[in-house]
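User: I should like to understand how the terms used for a protein–DNA model are justified. Please show me the structure before we begin.

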2 protein chains.
Amino acid sequence: MVETPRRREIEDVASDLFREHGYAATSVRDIARALDIQGASLYAHVASKEDVLWAIVDRAATRFEAAAAAADARAAADGPGDHVARLDALVRTHVAAIAEDVDAAGVFLGEWRSLGPDRRAVILERRDAYERRLRDLIADGMATGAFRMTDPAVATTFVLGALNAIAGWYHQDGRLSPDRIADHAAGFVVSALTDGPT
Amino acid sequence: MVETPRRREIEDVASDLFREHGYAATSVRDIARALDIQGASLYAHVASKEDVLWAIVDRAATRFEAAAAAADARAAADGPGDHVARLDALVRTHVAAIAEDVDAAGVFLGEWRSLGPDRRAVILERRDAYERRLRDLIADGMATGAFRMTDPAVATTFVLGALNAIAGWYHQDGRLSPDRIADHAAGFVVSALTDGPT
DNA sequence: CCTACCGATCGGTAGG
DNA sequence: CCTACCGATCGGTAGG
């Protein structure tokens with residue numbers, strides 16, 4: 001299915017509603033009303049309600065994956081062995097990925113439970129892969145002494161928990177720009193994983 | 001309404017289902033089936049589906065509030081001016097409050113959107129009050145030099161994000177005991193907010 | 001706690 | 001994109 005402009009409009013409106021009320025509490029009529037069309041008319045553009053959720057979640061997941069790849073590229077230019085720089089880069093691109101589309105990020109992070117079994121499994125595996133990437137970086141940094149020793153798996157969930165919480169409060173017209181938030185996030189995470197000033 | 005044993009049983013089963021599938025995606029028949037009774041029979045014990053959600057959320061919120069009070073008492077015994085000790089105590093009681101009933105904590109943290117407007121407002125105000133408490137502690141610690149200088153409001157959301165993520169992965173029969181998780185959480189948070197070893 | 005039932009709303013289809 | 005419609009399921013009530 002091609003991504004027509006109208007189709008994208010539907011997904012954006014749905015992201016907002018799913019984020020605000022949750023997928024199950026949002027009816028296809030709610031989505032249609034926000035677009036000023038009839039509920040049944042939505043099916044001229046989408047095959048099912050779950051397909052809309054999937055499109056949002058899949059696109060958000062892809063954005064996070066691209067962010068991680070971009071962070072790798074950025075850090076590799078600086079120096080491959082610098083774990084602090086690599087973590088700093090990953091945190092910043094992660095925050096940017098959230099801020100780029102908060103609604104979609106929030107839906108991705110909070111509504112994957114509403115996917116059918118197959119898609120749910122796919123998205124969980126992609127989340128796991130992303131998490132493994134961060135965990136490996138943290139574990140490697142501990143092994144080289146860049147980070148203080150602690151449980152890498154637990155530290156990873158703390159880091160992602162702190163970062164993903166941003167999707168719960170960030171607003172485009174808020175006090176802080178995405179870059180400023182990324183500054184704070186990078187400072188927080190690096191400080192949490194290092195023992196003292198370098 | 002008094003809290004009969006059966007009523008509590010209903011709430012526990014509902015916590016599990018709401019946590020796994022979300023409030024809106026869980027029908028009263030789902031809850032009844034888990035208790036081996038008919039859907040309509042549930043109404044011999046509860047007035048509405050939302051009342052069940054409210055009971056779970058209200059109890060969990062009360063538990064977090066009690067945890068904060070306990071942390072205050074514990075830290076006051078040590079010494080009132082020690083912000084690191086106060087933060088350490090608050091983190092530990094917060095983690096304990098999550099582990100005490102993960103399902104209810106998860107519902108409290110993730111399903112308050114499903115409450116009606118009035119109850120939603122009440123629970124948001126109680127969450128805000130809890131958050132203010134932590135933010136004030138962090139801001140005071142920055143003013144006295146115990147914590148590194150950064151934005152207290154943002155730091156607070158990072159701390160709560162990291163801690164509340166525990167509700168997403170903690171299991172009673174997991175690798176780590178609540179106390180060990182609390183150790184890691186306290187180490188992570190204190191390290192994030194301090195500049196180096198004391 | 002059960003059986004029998006209710007109106008409302010759900011996601012989705014047919015046919016234009 | 002609309003009107004008209006469908007079967008299924010929803011939360012909840014009546015009466016025992």
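Analyst: The following exchange takes the DNA contacts and then the interface between the chains. This is a predicted model, in which local features need pLDDT of at least 70, side-chain atom pairs count only at pLDDT 80 or more, and totals for chains, interfaces and linings use all residues. Residues are numbered from 1 along each chain as its sequence is written, chains are lettered from A and ligands numbered from 1 in the order in which they are written, and side-chain values use heavy atoms, with hydrogens and water left out.

User: Which residues are the closest to DNA strand D?

Analyst: A residue is near a strand if one of its heavy atoms lies within 4 Å of it. In this sense 15 residues surround DNA strand D, and the closest are Arg6(A), Ser41(A), Arg29(B), Tyr43(B) and Lys49(B). Of the strand's atoms within 4 Å of the protein, 51% belong to sugar or phosphate and the rest to bases.

User: What places a backbone N or O atom of Gln38(A) in polar contact with a phosphate oxygen of DNA strand D?

Analyst: A polar contact is a pair of N or O atoms within 3.5 Å; within protein, one must be able to donate a hydrogen and the other to accept it, and residues adjacent in sequence count only if both atoms are side-chain atoms. The Gln38(A) backbone atom lies 2.8 Å from the phosphate oxygen, so the pair meets the cut-off. For a backbone atom of Val28(B) the distance to a phosphate oxygen of strand D is 3.0 Å, and for a side-chain N or O atom of His45(A) it is 3.4 Å.

User: How do you know that chain A and chain B are related by a two-fold axis?

Analyst: The copies are superposed by least squares on the C-alpha atoms of residues with pLDDT of at least 70 in both. A turn of 180 degrees and a shift of 0.0 Å along the axis lay chain A on chain B with an RMSD of 0.0 Å. That is the relation of a two-fold axis.

User: Why is it said that the copies meet through the same surface?

Analyst: Contact means heavy atoms within 4.5 Å, and 34 residues of chain A are in contact with 34 residues of chain B. Because 100% of the interface residues of chain A are also interface residues in chain B, the copies meet through the same surface.

User: What makes Glu20(A) and Arg120(B) a salt bridge?

Analyst: The term requires a side-chain nitrogen of Lys or Arg within 4 Å of a carboxyl oxygen of Asp or Glu. The closest N and O atoms of Glu20(A) and Arg120(B) are 3.3 Å apart, so the pair qualifies. Across the interface of chain A and chain B the rule finds four salt bridges.
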